[in-house]
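Colleague: Please take a close look at one part of this model for me. Pick a pair of packed helices, and then show me what else stands out.

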Amino acid sequence: MKALVSFFSADRRSAYFTVALVLFIGSYLVLPTAKMVNNVYYAVLALPSLGVLLYYRGAGVKASSDLLLWALLLAWFAVVGIWSGDAQHYKHLLYVALFVLTVSRLIDPQPFRHPLFARALYWILVGYVSGSALFYWETGHYALGERVLWLPSRMTGPIYTSMWIACCFALALPGWLRSRQFAELAFALLVALFCMGYVLQSRSGLVALAALVLLASIYLSFRRLRDSLWLAGSLVIVGSFALWAGLTYPEVGSLFERADAGRLQLWSIMLHEWYACGLWMGCGLEHRTDQLLLNGEAINHPHSIFLSLGVFGGAVALVIFVALMTVVLRRAWLSRDPWGLYLATALIGLNFDGTKLIGNPDELWLLVILPACLISHPRLSASHSG
(Lines give C-alpha, C1' and ligand atoms only; values in the text may rest on other atoms or scores of the structure.)
Protein backbone atom coordinates (compact mmCIF):
# COMPACT_ATOMS: atom_id res chain seq x y z
CA MET A 1 0.00 0.00 0.00
CA LYS A 2 2.82 2.42 0.87
CA ALA A 3 4.47 1.72 -2.48
CA LEU A 4 1.17 2.39 -4.27
CA VAL A 5 0.64 5.64 -2.38
CA SER A 6 4.21 6.70 -3.13
CA PHE A 7 3.69 5.99 -6.83
CA PHE A 8 0.53 8.07 -6.95
CA SER A 9 2.12 11.18 -5.49
CA ALA A 10 2.49 14.58 -7.17
CA ASP A 11 3.83 14.44 -10.72
CA ARG A 12 3.71 10.65 -11.02
CA ARG A 13 0.03 10.69 -10.24
CA SER A 14 -0.63 13.27 -12.96
CA ALA A 15 1.53 11.40 -15.46
CA TYR A 16 -0.20 8.10 -14.73
CA PHE A 17 -3.72 9.43 -15.20
CA THR A 18 -2.67 11.28 -18.36
CA VAL A 19 -1.36 8.08 -19.93
CA ALA A 20 -4.39 6.16 -18.67
CA LEU A 21 -6.74 8.67 -20.30
CA VAL A 22 -4.89 8.32 -23.62
CA LEU A 23 -5.26 4.52 -23.35
CA PHE A 24 -8.97 4.91 -22.60
CA ILE A 25 -9.51 7.13 -25.64
CA GLY A 26 -7.53 4.74 -27.82
CA SER A 27 -9.51 1.74 -26.58
CA TYR A 28 -12.53 2.99 -28.54
CA LEU A 29 -10.55 2.41 -31.76
CA VAL A 30 -8.78 -0.80 -30.76
CA LEU A 31 -11.04 -2.94 -28.59
CA PRO A 32 -14.00 -4.66 -30.28
CA THR A 33 -16.65 -4.62 -27.54
CA ALA A 34 -18.16 -2.15 -25.11
CA LYS A 35 -17.44 -4.52 -22.22
CA MET A 36 -13.71 -4.50 -22.96
CA VAL A 37 -13.65 -0.69 -23.10
CA ASN A 38 -15.58 -0.57 -19.83
CA ASN A 39 -13.00 -2.87 -18.24
CA VAL A 40 -10.20 -0.56 -19.38
CA TYR A 41 -12.02 2.34 -17.74
CA TYR A 42 -12.59 0.46 -14.49
CA ALA A 43 -9.02 -0.88 -14.27
CA VAL A 44 -6.88 2.06 -15.39
CA LEU A 45 -9.02 5.10 -14.52
CA ALA A 46 -11.97 4.53 -12.18
CA LEU A 47 -10.44 2.35 -9.45
CA PRO A 48 -7.08 4.21 -9.25
CA SER A 49 -8.94 7.52 -9.25
CA LEU A 50 -11.26 6.39 -6.48
CA GLY A 51 -8.32 5.14 -4.44
CA VAL A 52 -6.36 8.38 -4.84
CA LEU A 53 -9.36 10.59 -4.05
CA LEU A 54 -10.20 8.61 -0.93
CA TYR A 55 -6.63 8.33 0.37
CA TYR A 56 -5.81 11.98 -0.22
CA ARG A 57 -9.28 13.08 0.91
CA GLY A 58 -10.11 14.70 -2.39
CA ALA A 59 -6.58 14.95 -3.79
CA GLY A 60 -6.66 18.73 -3.63
CA VAL A 61 -9.95 19.04 -5.51
CA LYS A 62 -11.23 22.59 -5.13
CA ALA A 63 -14.72 23.81 -5.87
CA SER A 64 -15.35 25.78 -9.07
CA SER A 65 -18.43 26.87 -10.97
CA ASP A 66 -18.20 24.04 -13.51
CA LEU A 67 -17.55 21.38 -10.87
CA LEU A 68 -20.48 22.63 -8.81
CA LEU A 69 -22.72 22.45 -11.88
CA TRP A 70 -21.54 18.89 -12.58
CA ALA A 71 -22.34 17.99 -8.96
CA LEU A 72 -25.75 19.63 -9.26
CA LEU A 73 -26.53 17.77 -12.50
CA LEU A 74 -25.50 14.40 -11.07
CA ALA A 75 -27.38 15.11 -7.83
CA TRP A 76 -30.52 15.91 -9.78
CA PHE A 77 -30.27 12.66 -11.72
CA ALA A 78 -29.80 10.87 -8.40
CA VAL A 79 -33.13 12.37 -7.31
CA VAL A 80 -34.79 11.39 -10.60
CA GLY A 81 -33.44 7.86 -10.15
CA ILE A 82 -35.27 7.44 -6.85
CA TRP A 83 -38.62 7.21 -8.59
CA SER A 84 -37.67 6.11 -12.09
CA GLY A 85 -34.35 4.28 -11.94
CA ASP A 86 -32.68 1.25 -10.38
CA ALA A 87 -29.47 0.40 -8.55
CA GLN A 88 -27.57 0.27 -11.86
CA HIS A 89 -28.31 3.96 -12.39
CA TYR A 90 -26.40 4.94 -9.25
CA LYS A 91 -23.41 2.91 -10.40
CA HIS A 92 -23.48 4.93 -13.63
CA LEU A 93 -23.62 8.17 -11.66
CA LEU A 94 -20.50 7.11 -9.75
CA TYR A 95 -18.71 6.24 -13.02
CA VAL A 96 -19.49 9.65 -14.52
CA ALA A 97 -18.50 11.47 -11.31
CA LEU A 98 -15.14 9.66 -11.22
CA PHE A 99 -14.51 10.44 -14.88
CA VAL A 100 -15.31 14.12 -14.34
CA LEU A 101 -12.98 14.37 -11.34
CA THR A 102 -10.20 12.41 -13.05
CA VAL A 103 -10.17 14.45 -16.26
CA SER A 104 -10.81 17.84 -14.68
CA ARG A 105 -8.41 17.48 -11.74
CA LEU A 106 -6.02 14.50 -11.79
CA ILE A 107 -4.47 14.54 -15.29
CA ASP A 108 -1.98 16.87 -16.94
CA PRO A 109 -4.12 18.70 -19.56
CA GLN A 110 -1.24 20.20 -21.54
CA PRO A 111 -0.45 17.17 -23.77
CA PHE A 112 -4.07 17.08 -24.95
CA ARG A 113 -3.79 20.68 -26.17
CA HIS A 114 -0.68 20.13 -28.27
CA PRO A 115 -1.30 20.47 -32.05
CA LEU A 116 0.50 17.16 -32.67
CA PHE A 117 -1.96 15.35 -30.41
CA ALA A 118 -4.92 16.91 -32.25
CA ARG A 119 -3.54 16.06 -35.69
CA ALA A 120 -2.57 12.53 -34.65
CA LEU A 121 -6.01 11.87 -33.17
CA TYR A 122 -7.70 13.10 -36.34
CA TRP A 123 -5.58 11.10 -38.77
CA ILE A 124 -5.74 7.95 -36.65
CA LEU A 125 -9.54 8.21 -36.53
CA VAL A 126 -10.07 8.80 -40.27
CA GLY A 127 -7.43 6.15 -40.98
CA TYR A 128 -9.42 3.72 -38.85
CA VAL A 129 -12.65 4.50 -40.70
CA SER A 130 -11.10 4.47 -44.19
CA GLY A 131 -9.03 1.35 -43.49
CA SER A 132 -12.05 -0.49 -42.11
CA ALA A 133 -14.08 0.44 -45.19
CA LEU A 134 -11.35 -0.72 -47.58
CA PHE A 135 -11.06 -4.01 -45.70
CA TYR A 136 -14.83 -4.55 -45.74
CA TRP A 137 -15.07 -3.75 -49.45
CA GLU A 138 -12.15 -6.05 -50.28
CA THR A 139 -13.58 -8.96 -48.28
CA GLY A 140 -17.13 -8.43 -49.53
CA HIS A 141 -18.54 -7.70 -46.07
CA TYR A 142 -20.06 -4.55 -47.55
CA ALA A 143 -20.51 -3.72 -51.23
CA LEU A 144 -18.71 -0.67 -52.62
CA GLY A 145 -20.94 2.32 -51.88
CA GLU A 146 -23.04 0.47 -49.30
CA ARG A 147 -23.34 2.26 -45.98
CA VAL A 148 -20.88 0.86 -43.43
CA LEU A 149 -23.12 0.45 -40.40
CA TRP A 150 -20.82 -1.47 -38.10
CA LEU A 151 -17.14 -0.71 -37.71
CA PRO A 152 -14.90 -3.29 -35.99
CA SER A 153 -14.20 -1.55 -32.64
CA ARG A 154 -16.18 0.06 -29.81
CA MET A 155 -16.58 3.22 -31.92
CA THR A 156 -18.81 1.20 -34.20
CA GLY A 157 -21.92 3.21 -35.14
CA PRO A 158 -21.81 5.57 -38.14
CA ILE A 159 -23.61 8.50 -36.48
CA TYR A 160 -21.41 9.02 -33.42
CA THR A 161 -18.30 8.14 -35.43
CA SER A 162 -19.11 10.86 -37.96
CA MET A 163 -19.58 13.35 -35.12
CA TRP A 164 -16.23 12.36 -33.64
CA ILE A 165 -14.55 12.97 -36.99
CA ALA A 166 -16.06 16.46 -37.11
CA CYS A 167 -14.97 17.13 -33.52
CA CYS A 168 -11.40 15.94 -34.11
CA PHE A 169 -11.25 18.10 -37.25
CA ALA A 170 -12.36 21.05 -35.09
CA LEU A 171 -9.66 20.26 -32.53
CA ALA A 172 -6.93 20.20 -35.18
CA LEU A 173 -8.20 23.20 -37.16
CA PRO A 174 -6.52 25.97 -35.07
CA GLY A 175 -3.16 24.19 -35.38
CA TRP A 176 -3.47 23.88 -39.15
CA LEU A 177 -4.35 27.56 -39.46
CA ARG A 178 -1.68 28.73 -37.04
CA SER A 179 1.06 26.80 -38.85
CA ARG A 180 -0.46 27.71 -42.24
CA GLN A 181 -0.66 24.09 -43.35
CA PHE A 182 -3.50 24.76 -45.78
CA ALA A 183 -2.76 21.81 -48.06
CA GLU A 184 -3.11 19.37 -45.14
CA LEU A 185 -6.24 21.21 -44.00
CA ALA A 186 -7.91 20.92 -47.41
CA PHE A 187 -6.96 17.24 -47.68
CA ALA A 188 -8.24 16.61 -44.15
CA LEU A 189 -11.55 18.24 -45.07
CA LEU A 190 -11.79 16.07 -48.18
CA VAL A 191 -11.07 12.90 -46.19
CA ALA A 192 -13.65 13.90 -43.59
CA LEU A 193 -16.31 14.31 -46.28
CA PHE A 194 -15.35 10.96 -47.80
CA CYS A 195 -15.63 9.17 -44.44
CA MET A 196 -18.86 10.84 -43.38
CA GLY A 197 -20.61 11.18 -46.74
CA TYR A 198 -19.59 8.01 -48.57
CA VAL A 199 -18.43 5.45 -45.99
CA LEU A 200 -20.63 6.23 -42.98
CA GLN A 201 -23.33 8.15 -44.88
CA SER A 202 -24.27 10.07 -41.74
CA ARG A 203 -25.52 13.64 -41.87
CA SER A 204 -25.18 14.57 -38.19
CA GLY A 205 -21.41 14.84 -38.49
CA LEU A 206 -21.69 16.64 -41.82
CA VAL A 207 -24.03 19.26 -40.32
CA ALA A 208 -21.65 19.77 -37.40
CA LEU A 209 -18.68 20.07 -39.74
CA ALA A 210 -20.48 22.56 -41.99
CA ALA A 211 -21.43 24.69 -38.97
CA LEU A 212 -17.84 24.58 -37.75
CA VAL A 213 -16.37 25.74 -41.07
CA LEU A 214 -18.97 28.50 -41.38
CA LEU A 215 -18.31 29.81 -37.87
CA ALA A 216 -14.54 29.56 -38.36
CA SER A 217 -14.75 31.50 -41.62
CA ILE A 218 -16.81 34.26 -40.00
CA TYR A 219 -14.40 34.48 -37.05
CA LEU A 220 -11.31 34.56 -39.26
CA SER A 221 -12.81 37.25 -41.48
CA PHE A 222 -12.59 39.59 -38.47
CA ARG A 223 -9.13 38.38 -37.42
CA ARG A 224 -7.07 37.35 -40.43
CA LEU A 225 -8.78 37.89 -43.76
CA ARG A 226 -6.12 35.96 -45.64
CA ASP A 227 -6.66 32.82 -43.56
CA SER A 228 -10.40 33.25 -43.98
CA LEU A 229 -9.98 33.32 -47.75
CA TRP A 230 -7.84 30.19 -47.65
CA LEU A 231 -10.44 28.39 -45.55
CA ALA A 232 -13.33 29.63 -47.68
CA GLY A 233 -11.47 28.63 -50.84
CA SER A 234 -10.88 25.14 -49.49
CA LEU A 235 -14.55 24.93 -48.58
CA VAL A 236 -15.63 25.99 -52.08
CA ILE A 237 -13.37 23.42 -53.73
CA VAL A 238 -14.35 20.59 -51.42
CA GLY A 239 -18.01 21.67 -51.48
CA SER A 240 -17.99 21.59 -55.27
CA PHE A 241 -16.52 18.12 -55.14
CA ALA A 242 -19.21 17.06 -52.65
CA LEU A 243 -21.93 18.45 -54.94
CA TRP A 244 -20.47 16.56 -57.89
CA ALA A 245 -20.35 13.37 -55.80
CA GLY A 246 -23.98 13.87 -54.76
CA LEU A 247 -25.08 14.21 -58.37
CA THR A 248 -22.89 11.33 -59.57
CA TYR A 249 -23.19 8.73 -56.82
CA PRO A 250 -26.66 7.70 -55.58
CA GLU A 251 -25.20 6.73 -52.18
CA VAL A 252 -24.16 10.32 -51.55
CA GLY A 253 -27.27 11.76 -53.12
CA SER A 254 -29.43 9.73 -50.74
CA LEU A 255 -28.15 11.90 -47.89
CA PHE A 256 -30.16 14.79 -49.34
CA GLU A 257 -33.13 12.65 -50.33
CA ARG A 258 -33.69 11.48 -46.74
CA ALA A 259 -34.70 15.07 -45.85
CA ASP A 260 -35.20 15.35 -42.06
CA ALA A 261 -35.48 11.52 -41.66
CA GLY A 262 -38.58 12.03 -39.51
CA ARG A 263 -36.75 14.18 -36.94
CA LEU A 264 -39.38 16.95 -36.85
CA GLN A 265 -42.21 14.48 -36.27
CA LEU A 266 -40.16 12.56 -33.70
CA TRP A 267 -39.27 15.72 -31.79
CA SER A 268 -42.89 16.85 -31.82
CA ILE A 269 -44.02 13.51 -30.34
CA MET A 270 -41.37 13.56 -27.62
CA LEU A 271 -42.04 17.20 -26.74
CA HIS A 272 -45.74 16.48 -26.27
CA GLU A 273 -44.97 13.44 -24.09
CA TRP A 274 -42.48 15.45 -22.02
CA TYR A 275 -45.12 18.14 -21.44
CA ALA A 276 -47.71 15.49 -20.53
CA CYS A 277 -45.34 13.90 -17.99
CA GLY A 278 -44.49 17.20 -16.35
CA LEU A 279 -42.27 20.00 -17.57
CA TRP A 280 -39.92 20.19 -14.58
CA MET A 281 -39.52 16.50 -13.65
CA GLY A 282 -39.79 14.92 -17.10
CA CYS A 283 -40.88 11.36 -17.81
CA GLY A 284 -38.20 9.49 -15.89
CA LEU A 285 -35.16 7.46 -16.88
CA GLU A 286 -37.03 4.46 -18.26
CA HIS A 287 -39.51 6.34 -20.42
CA ARG A 288 -40.41 4.70 -23.72
CA THR A 289 -42.97 5.87 -26.24
CA ASP A 290 -45.36 3.54 -28.03
CA GLN A 291 -45.99 5.98 -30.88
CA LEU A 292 -44.62 5.32 -34.34
CA LEU A 293 -43.36 7.61 -37.07
CA LEU A 294 -45.35 8.03 -40.26
CA ASN A 295 -43.19 5.41 -41.98
CA GLY A 296 -43.98 2.89 -39.23
CA GLU A 297 -40.60 3.06 -37.48
CA ALA A 298 -40.44 2.86 -33.70
CA ILE A 299 -38.92 5.74 -31.69
CA ASN A 300 -35.92 4.43 -29.76
CA HIS A 301 -34.89 7.71 -28.13
CA PRO A 302 -35.41 11.48 -28.61
CA HIS A 303 -32.48 11.86 -31.06
CA SER A 304 -31.25 15.07 -29.42
CA ILE A 305 -29.08 15.38 -26.34
CA PHE A 306 -31.02 18.46 -25.24
CA LEU A 307 -34.43 16.87 -25.72
CA SER A 308 -33.18 13.68 -24.05
CA LEU A 309 -32.19 15.62 -20.96
CA GLY A 310 -35.65 17.19 -20.86
CA VAL A 311 -37.58 13.98 -21.45
CA PHE A 312 -35.61 11.85 -18.98
CA GLY A 313 -34.65 14.50 -16.41
CA GLY A 314 -37.06 17.37 -16.92
CA ALA A 315 -36.43 21.07 -17.45
CA VAL A 316 -34.26 21.14 -14.30
CA ALA A 317 -31.70 18.79 -15.87
CA LEU A 318 -31.79 20.68 -19.16
CA VAL A 319 -31.29 24.08 -17.51
CA ILE A 320 -28.35 22.82 -15.42
CA PHE A 321 -26.72 21.23 -18.48
CA VAL A 322 -27.13 24.35 -20.61
CA ALA A 323 -25.69 26.47 -17.79
CA LEU A 324 -22.75 24.07 -17.48
CA MET A 325 -22.03 24.13 -21.22
CA THR A 326 -22.31 27.93 -21.25
CA VAL A 327 -19.77 28.28 -18.43
CA VAL A 328 -17.37 25.82 -20.06
CA LEU A 329 -17.65 27.28 -23.57
CA ARG A 330 -17.18 30.81 -22.22
CA ARG A 331 -13.99 29.68 -20.50
CA ALA A 332 -12.80 28.04 -23.72
CA TRP A 333 -13.51 31.24 -25.66
CA LEU A 334 -11.63 33.44 -23.21
CA SER A 335 -8.59 31.15 -23.23
CA ARG A 336 -8.88 30.35 -26.96
CA ASP A 337 -8.86 26.66 -26.06
CA PRO A 338 -9.31 24.44 -29.18
CA TRP A 339 -11.29 21.97 -27.07
CA GLY A 340 -14.03 24.60 -27.06
CA LEU A 341 -14.35 24.14 -30.83
CA TYR A 342 -14.44 20.39 -30.27
CA LEU A 343 -17.22 20.69 -27.68
CA ALA A 344 -19.28 23.20 -29.69
CA THR A 345 -19.06 20.94 -32.76
CA ALA A 346 -20.17 17.97 -30.67
CA LEU A 347 -23.17 19.82 -29.25
CA ILE A 348 -24.27 20.86 -32.74
CA GLY A 349 -24.12 17.27 -33.97
CA LEU A 350 -25.72 15.84 -30.83
CA ASN A 351 -28.64 18.21 -31.21
CA PHE A 352 -29.73 15.93 -34.06
CA ASP A 353 -28.84 12.54 -32.60
CA GLY A 354 -27.95 12.38 -28.93
CA THR A 355 -29.36 10.31 -26.10
CA LYS A 356 -28.73 9.77 -22.36
CA LEU A 357 -25.63 11.42 -20.91
CA ILE A 358 -25.52 9.27 -17.77
CA GLY A 359 -24.51 5.65 -18.31
CA ASN A 360 -21.61 3.30 -18.89
CA PRO A 361 -18.61 4.66 -20.83
CA ASP A 362 -19.87 5.45 -24.31
CA GLU A 363 -19.42 7.91 -27.17
CA LEU A 364 -21.02 10.80 -25.27
CA TRP A 365 -18.17 10.62 -22.78
CA LEU A 366 -15.74 11.40 -25.60
CA LEU A 367 -17.97 13.97 -27.28
CA VAL A 368 -19.17 15.97 -24.25
CA ILE A 369 -17.71 15.02 -20.87
CA LEU A 370 -14.08 14.73 -22.00
CA PRO A 371 -13.79 18.18 -23.66
CA ALA A 372 -15.85 19.92 -20.98
CA CYS A 373 -13.56 18.61 -18.24
CA LEU A 374 -10.35 19.33 -20.15
CA ILE A 375 -11.44 22.94 -20.65
CA SER A 376 -12.25 23.28 -16.95
CA HIS A 377 -8.92 22.01 -15.65
CA PRO A 378 -7.54 24.59 -13.16
CA ARG A 379 -3.98 24.07 -14.41
CA LEU A 380 -5.01 25.54 -17.76
CA SER A 381 -6.64 28.51 -16.08
CA ALA A 382 -3.48 29.12 -14.06
CA SER A 383 -1.25 28.94 -17.12
CA HIS A 384 -3.39 31.47 -18.99
CA SER A 385 -3.63 33.83 -16.05
CA GLY A 386 0.12 33.66 -15.62
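**A helix pair, up close**

Modeller: Helix α7 (residues 158-178) packs with helix α8 (residues 182-199) at an angle of about 175°, and their axes are 11 Å apart. Angles over 145 degrees count as roughly antiparallel, so α7 is roughly antiparallel to α8. Keep in mind that this is a predicted model.

Who makes the contact? From α7 come Ser162, Ile165, Phe169, Leu173, Trp176 and Leu177. From α8 come Phe182, Glu184, Leu185, Ala188, Leu189, Ala192, Cys195 and Met196. Sort these contact residues by type: twelve are nonpolar, one is polar and one is charged.

Now move to helix α4 (residues 65-84). This helix gives three residues to a nonpolar patch, the largest share. The patch lies on the surface and covers about 810 Å². Its members are Val79, Ile82, Trp83, Tyr90, Leu279, Trp280, Met281 and Val319. Ile82 is one that sits in α4.

Helix α4 also takes part in a salt bridge. The side chain of Asp66 meets that of Arg331, at 3.1 Å from N to O. Asp66 is in α4 and Arg331 is in helix α13 (residues 305-335), so the pair ties together parts that are 265 residues apart in sequence. The count of salt bridges comes to four.

Terms used:
Residues numbered from 1 in each chain as written. Predicted model: local features only at pLDDT ≥ 70, side-chain atom pairs only at ≥ 80, totals over all residues. Heavy atoms only, no water. Axes fitted to C-alpha atoms, helices over the stretch in contact; angles between N-to-C directions. Helix = DSSP H or I, 4+ residues; strand = E, 2+ residues; numbered from the N terminus. Parallel < 35°, antiparallel > 145°, perpendicular 65-115°, else oblique. Contact = heavy atoms within 4.5 Å. Nonpolar A, V, L, I, M, F, W, Y, C, P; charged D, E, K, R; others polar. Patch = residues over 30% accessible without salt bridge, like charges linked within 9 Å, V, L, I, M, F, W, Y side chains within 5 Å. Areas by Shrake-Rupley, 256 points an atom, 1.4 Å probe, with all protein chains shown as cover.
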